[in-house]
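Hi everyone, thanks for coming along. I have one structure to walk through this morning, so please take a moment with the sequence and the picture before I start.

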Amino acid sequence: MDAGYELDRRHAEYVQAQRDHHDHANKSAEEARRSADEAQRLTEEATRVQDMQKAQNLRNDAEQLNARARQFEAAAQAHRANAIEFANKIADIDDQKSMFTPAAPAV
């Protein structure tokens, strides 16, 4: 198989993987924000509720949502790190591909 073809194939594969990780990072970050916002809303509601048991249930629900938000934020960070890793792989391939591309003639 031609080395240039193989580099092009890997380049395209890495570009797609990088895009996928960016997409997953954005989706995870958005879910983290939604969970944190809902947790904040429940916490505020718990301060207004007169029934102590209901207030405690709301605080418990809020804590679970905050934990979920932390998990999604961790997932977003992992996807961002993976996207950076693929960006580095893409740069390496671009460097390798430049060896197969003839230099422009000097003027």
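I'll begin with the helices and then visit some residues one by one.

One thing to say up front: what you see is a predicted model.

Let's take the helix pair. Helix α1 covers residues 3–48, and helix α2 covers residues 52–98. How are the two arranged against each other, in angle and in distance between axes? They pack at an angle of about 165°, and their axes are 7 Å apart. Because angles over 145 degrees count as roughly antiparallel, α1 is roughly antiparallel to α2. The crossing of α1 past α2 is left-handed.

And what is that contact made of? Sorted by class, the contact of α1 with α2 has 24 nonpolar residues, 12 polar ones and 14 charged ones.

Now a quick check on α1 itself. With 46 residues at 1.5 Å a residue, α1 should span 68 Å. The C-alpha atoms at its ends are 68 Å apart, so the expected span and the model agree.

While we are on α1, have a look at its N-terminal end. Which residue caps it? That is D2, with a side-chain oxygen 3.3 Å from the backbone nitrogen of G4.

Moving along α1, we come to E31. Is E31 buried or exposed? Its relative accessibility is 17%, and the cut-off for buried is under 20%, so E31 counts as buried. The side chain of E31 also has a partner: a polar contact of 2.7 Å joins E31 to the side chain of R68.

Further on in α1 sits T47. Here the relative accessible area is 66%, and since exposed means over 50%, T47 is exposed. A polar atom of the T47 side chain lies 2.5 Å from the backbone oxygen of E44.

Let's cross over to α2, where you will find A76. With a relative accessibility of 0%, A76 counts as buried. Along the chain A76 and E30 are 46 residues apart, while their C-alpha atoms are separated by 9.1 Å.

F86 is also placed in α2. How accessible is F86? Its relative accessible area is 15%, so F86 is buried. Looking from F86 to Q16, we have 70 residues along the chain and 9.3 Å between C-alpha atoms. Now set F86 against T47: that pair is 39 residues apart in sequence, with 46 Å in space from C-alpha to C-alpha.

My last stop is S98, again in α2. At 46% relative accessibility, S98 falls between the 20% and 50% cut-offs, so S98 counts as partly exposed. A polar atom of its side chain lies 2.5 Å from the backbone oxygen of D95. From S98 to A32 there are 66 residues in sequence and 41 Å in space, C-alpha to C-alpha.

To pull it together: we have two helices, α1 and α2, packed at about 165° in a left-handed crossing. E31 and R68 meet through their side chains, A76 is buried, and T47 is exposed. Thanks for listening, and I'm happy to go back to any of these residues on the screen.

Notes: Residues numbered from 1 in each chain as written. Predicted model: local features only at pLDDT ≥ 70, side-chain atom pairs only at ≥ 80, totals over all residues. Heavy atoms only, no water. Axes fitted to C-alpha atoms, helices over the stretch in contact; angles between N-to-C directions. Helix = DSSP H or I, 4+ residues; strand = E, 2+ residues; numbered from the N terminus. Parallel < 35°, antiparallel > 145°, perpendicular 65-115°, else oblique. Left-handed = near helix turned anticlockwise from the far one by under 90°. Nonpolar A, V, L, I, M, F, W, Y, C, P; charged D, E, K, R; others polar. Expected span 1.5 Å × (residues − 1). Polar contact = N/O pair within 3.5 Å; in protein donor to acceptor, adjacent residues only side chain to side chain. Buried < 20%, exposed > 50% of the residue type's maximum accessible area, 1.4 Å probe, protein only.
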